[in-house]
Amino acid sequence: EVHGGVGIYSGGNPNVWLSNNYSNNGITQVEQQARDYNDVNDANTLDGVPTLFSEETATGGTPIFDVPKRLFDGVANGTANSGVNAVDPNFKIPSQLKVALGATIDFDIPGFGNDFRFQTDILYSKNRNSARIIDNALVEIGKAPDGRPMYASIDKSDPDCVADPTGNPFGCNRWFNSDYILTNADGGRQWVYSAALSKSHDNGIDWSIAYAYTDSTDVNPMTSSVAFSNFSQFATSERNDPRAARSNYTIPHRFTGKFSWAHDFWDDNTTRLTLFGVVNQGRPYSYTFVDGGGAFNGNFTEFGDGVDGSSLLYIPTGADDPLVQFGDDFNTTAFFAFLEENNLTQFAGGIAPRNSNFSDWWAKIDLKFEQEIPSFVEGHKMSAFIVIDNFTNLLNSDWGVMYEASFPRTFQIVDARIDRATNTYQYNEFFERSQGRVTTPSLWEIRFGVNYKF
């Protein structure tokens, strides 16, 4: 039997992406911020600038714990100028072109038995009008040492800021009042191949083994319900114009197996024991900079996009790379050994791509025992069952444990700044990160229950 199909499908995208625009509409909210505090010494004021500890509060309460009076008054008397979420007027509902082809083959193997079943499928999907978020307040103002864009977040309602985005950085900067727009992206596709072999035996034994391969790319994984998170919580080197890369959701290799045995010990009340096992490669992750803490063009991230920790790492060619200045406390020996160990030297002289590495493989076995029980009503059936999820971990606490890079699938391993005068990176500190234990799938769990069928 051969089967297949072609079609365009849409749906499944969260409606909350559209509701963001009603929540942050730029009209019903008034926002005030103060960034002129000076707390570098014990003086109550410095050149007329208050400290956090001397600021007058709205109710006369304790500073820091209470709302500053000038911010309270600013909201009460101010006009809305907060960040906006909007929808591109040309936004199209995301969809996918899918092409599928598969086959089911029943066959016999002399000497081993009859009625084996082999199933195989291949699926190709192409993303159409995928969703992404851009920050409309960003303008490109230059290039970083490795050629990626650097941005300024400006107030585009001010003609002077539009004419010269870097001329008055603290006056033009939108700070956290970014204007996020839901729009479309081109790019991204998925290849999925699966194969399974199964057989049922007359003695009550059923078994199957299967394998699935996935190769998936996307422009923005859209990991959240909030516009800022969708804009920021993925690794990229071009925040406002990302390219398709390996998807956060890809699990390239997955093996599964199922074994069950059933027998009627009395009457037609079946006793069934089932084991289900899975072995799969871990999710991908990216290596990134820690690039917050600087102050350029009024923005506290080096690349000016307002996002700290999700900018893809530049991989130096060596300790003498002309694009990098290593700080006195930077452990170059450990850093380059780490690059070699994690296969990052292949990207030397360039930017490590998104999701270049994979978390550890993970394996577990689940167990289920079910016993049918006679019912008091003719034609009805009862069964009691026990399920042990991650039976492997119950047997040994070191088994069935999942380790992976945590959300948003990034390892921030280099604290970096950019020397504007020489347009070179300053690598100040190296952080050797490791995968963390994922709690829920790493623990065993026992469930009891009763089914009643009628």
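**Briefing: Asp 415 and a three-stranded sheet**

The side chain of Asp 415 forms a polar contact, at 3.2 Å, with the side chain of Arg 417. The model described here is predicted. This briefing covers the surroundings of Asp 415 and then an open sheet built from three strands.

**Asp 415 and its surroundings**

- Asp 415 belongs to strand 26, which spans residues 410–419.
- With a relative accessible area of 14%, Asp 415 is buried, because the cut-off for that class is under 20%.
- When neighbours within four places in sequence are set aside, the residues in contact with Asp 415 are Val 290, Gln 426, Tyr 427, Asn 428, Glu 429 and Phe 431.

**Arrangement of the sheet**

- Strands of a sheet pair through backbone hydrogen bonds, in either a parallel or an antiparallel manner.
- In this open sheet the strand order is 4-10-7, and the pairing is mixed.
- Strand 4 (84–87) and strand 7 (130–135) occupy the edges; each has a single partner strand, so one side of each lacks a neighbour in the sheet.
- From one strand to the next, the twist averages 30 degrees.

**Pairing of strands 7 and 10**

- Six bridges join strand 7 to strand 10 (residues 179–185), and the two strands pair in the antiparallel sense.
- Ile 134 is placed opposite Ile 181, a residue of strand 10.

**Helix across the sheet**

- Helix 1, formed by residues 16–23, lies across strand 4, strand 7 and strand 10.
- The helix runs at about 130 degrees to strand 4.

Conventions: Residues are numbered from 1 along each chain as its sequence is written. This is a predicted model: local features need pLDDT of at least 70, side-chain atom pairs count only at pLDDT 80 or more; totals for chains, interfaces and linings use all residues. Side-chain values use heavy atoms; hydrogens and water are left out. Two strands pair if DSSP finds at least two bridges between them. Helices (H or I, at least four residues) and strands (E, at least two) are DSSP runs, numbered from the N terminus. Axes are lines fitted to C-alpha atoms, for helices over the stretch in contact, and angles run from 0 to 180 degrees between N-to-C directions. Contact means heavy atoms within 4.5 Å. Buried means under 20% relative accessible area, exposed over 50%, partly exposed in between (1.4 Å probe, protein chains only). A polar contact is a pair of N or O atoms within 3.5 Å; within protein, one must be able to donate a hydrogen and the other to accept it, and residues adjacent in sequence count only if both atoms are side-chain atoms.
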